[in-house]
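Me: Please take a close look at one part of this structure and then connect that part to the rest of the chain. I would like one continuous account, with the terms explained as they come up.

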Amino acid sequence: MSTTKKIAGVALVAALGVTTLSACGGGDTKDKPAGASDAPKSKTVTLVSHDSFNVTESVLKEFEQQSGYTVKVLKSGDAGAALNQEILTKGSPRGDVFFGVDNTLLSRALDNGIFTPYEAKGLAEVKPEYVLDKEHRVTPIDSGDICVNYDKAYFAEKKIAPPQTLDDLTKPEYKNLLVTENAATSSPGLGFLLASVGKYGEDGWKDYWSKLKANGVEVVDGWEQAYNERFSGSAGGKKAKGDRPLVVSYASSPPVEVLYGEPQPTEAPTGVSTGTCFRQIEFAGLLKGAKNEEGGKALVDFLVSKKFQEDMPLQMFVNPVTKDAALPELFTKHGVVIEKPENVAPETIAKNREQWVKAWTALVVK
C-alpha cells in the first residue's frame, strides 16, 4: 500500500558491492553515436521510495552479482511526500527509479510527466488487472487491501458476529467500535474513503459517512495511532489499553500479528472484514532524466522478478503481482484472499480526490 504507510518490520538499507559491467576500451571511436561519452557507465543506481520499502539483503546481493550495479535506496517519507519531491524536481530527479506511487496518486504522477516509458522484462508475468498504464510509464510491483480488522476476542466475549460489510458498520451493534484514519493525512484513511465511493458511488458515499458518524466512528491522524494505540486487537493496542475492537488497516495485518507475537500464537488474534476493502496497487517507474537509465531499467526488471516478488510479502507485507510468485505459508495460513475489493479508476480519483477529501473532512471531522 501507501504510500502508503505499510505494516513493516525493521527496514534494511542494503549496500551492494561494486562489481561493474565494463565496456571494452581503446577501440576506434569513429563509429560512436553523436554525443556519446567516453565516461564509464555509472556503477550506482538510485531507488527513490517511501519509507516502507524493504528487501532481504541476500536478495539484493544476488541482483548485484547478476547486474553489476550498486543500489542506493533514498527513502523520502510517505508516498505522497516522496511523489511531491519528484514532481518538484521533474527532469532533474534525485534518483533513477521511483517506487511507491499507488493507484490513488497514479494519475497525478502521470499527468506531471515524471516517468520515461519502459516495458519491463517479465511484464508478461504480471497479472493483467494490475497493468493500469498501457504506455508502461509505470510497472505494477505489489498490491495490498485496505480493510477493516476486528478483535476476535472482543466479539467472542460479547457473542456478537463481527461485521463483514460496509453496511454492517452502520448497524447499532457496532456503535462506537470503529476507529479509522484521517483521509486527508493517511493512506489507509484515504483508501477507506475510496472504498465507500466504490461501493456507494459519487452520489451515495456522503450519506454513508453520515451514518458512520452517527454510529460513533472515531477518526485519528494516522495508522500508527489507530492500530497500535486505539485498536484493542493488536499487540500495541493491548499495551495501550485501546478500546476500539474495529480498525481500518490491511488484509495482511493478521499474519503480522502472528509473526511478531511474543509468544507467537498459533492463530491470528485479529480477523478481516472482507466486504470492507479497497485494493491498493503500487508501481515503480523509470524517472525522466535519470542519470543511470540502463541501471534503472535493470532495477525495474528486478522488482518484477520472481526472486523479489517472493521476498516482498514478509518484508513489506504486501502481495506479489506476478503469476508465478508463491505466497509464504504465513500469508496462506493466517491471511485472507479478498475476492471482490472495491475499486475506483485512477483517472476518477485524480479528478475528484481533493474535493472528496474536503467534503469528507467537513462532514466527518469538523
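Reply: Helices (H or I, at least four residues) and strands (E, at least two residues) are taken here as DSSP runs, numbered from the N terminus. The model is a predicted one, in which local features need pLDDT of at least 70 and side-chain atom pairs count only at pLDDT 80 or more, while totals for chains, interfaces and linings use all residues. Residues are numbered from 1 along each chain as its sequence is written, and side-chain values use heavy atoms, with hydrogens and water left out.

The chain has 14 helices and 10 strands, and 54% of its 366 residues are buried, that is, under 20% relative accessible area, where exposed means over 50% and partly exposed lies in between (1.4 Å probe, protein chains only).

The part I will look at closely is helix α1, residues 57–67. Its buried residues are Val59, Leu60, Phe63, Glu64 and Ser67. These residues lie on the same side of α1, because they cover an arc of only 150° around the axis, the arc being that of the directions from the helix axis to the C-beta atoms. Gln65 and Gln66, on the other side of α1, are exposed. The buried residues of α1 pack against β2, α10 and α11 (306–311). Just after α1, glycine 68 takes a positive phi of about 85°.

Helix α1 also gives two or more residues to the largest nonpolar core, a nonpolar core being a set of buried Ala, Val, Leu, Ile, Met, Phe, Trp, Tyr and Cys residues joined through side-chain atoms within 4.5 Å. This core has 49 residues, of which Phe53, Phe115 and Phe308 touch the most other members. Other elements that contribute two or more residues to it include β1 (44–49), β2 (70–75), β9 (270–287) and α10 (293–303). Apart from this core lies another of 38 residues, among them Phe155, Trp205, Trp209 and Val248. In general, nonpolar side chains tend to be buried together in soluble globular proteins.

Val248 leads on to glutamate 181, since contact means heavy atoms within 4.5 Å and, leaving aside neighbours within four places in sequence, glutamate 181 is in contact with Val248, Trp223 and Trp360, among others. Glutamate 181 lies in strand β6 (residues 178–181) and counts as buried because its relative accessibility is 0%.

Strand β9, one of the elements of the largest core, also holds threonine 274, which is partly exposed at a relative accessible area of 35%. Beyond its neighbours within four places in sequence, threonine 274 is in contact with Gln164, Val336 and Ile338.

The backbone deserves a last look, given that most residues other than glycine have a negative phi, and most peptide bonds are trans. Histidine 136, in the loop between β4 (115–116) and β5 (139–151), has a positive phi of about 60° although it is not a glycine. Phenylalanine 317, in the loop between α12 and β10 (319–320), likewise has a positive phi, near 55°, and with a relative accessible area of 1% this residue is buried. In the loop between α9 (253–259) and β9 is proline 263, and the peptide bond leading to proline 263 from glutamate 262 is cis, with omega near -5°.
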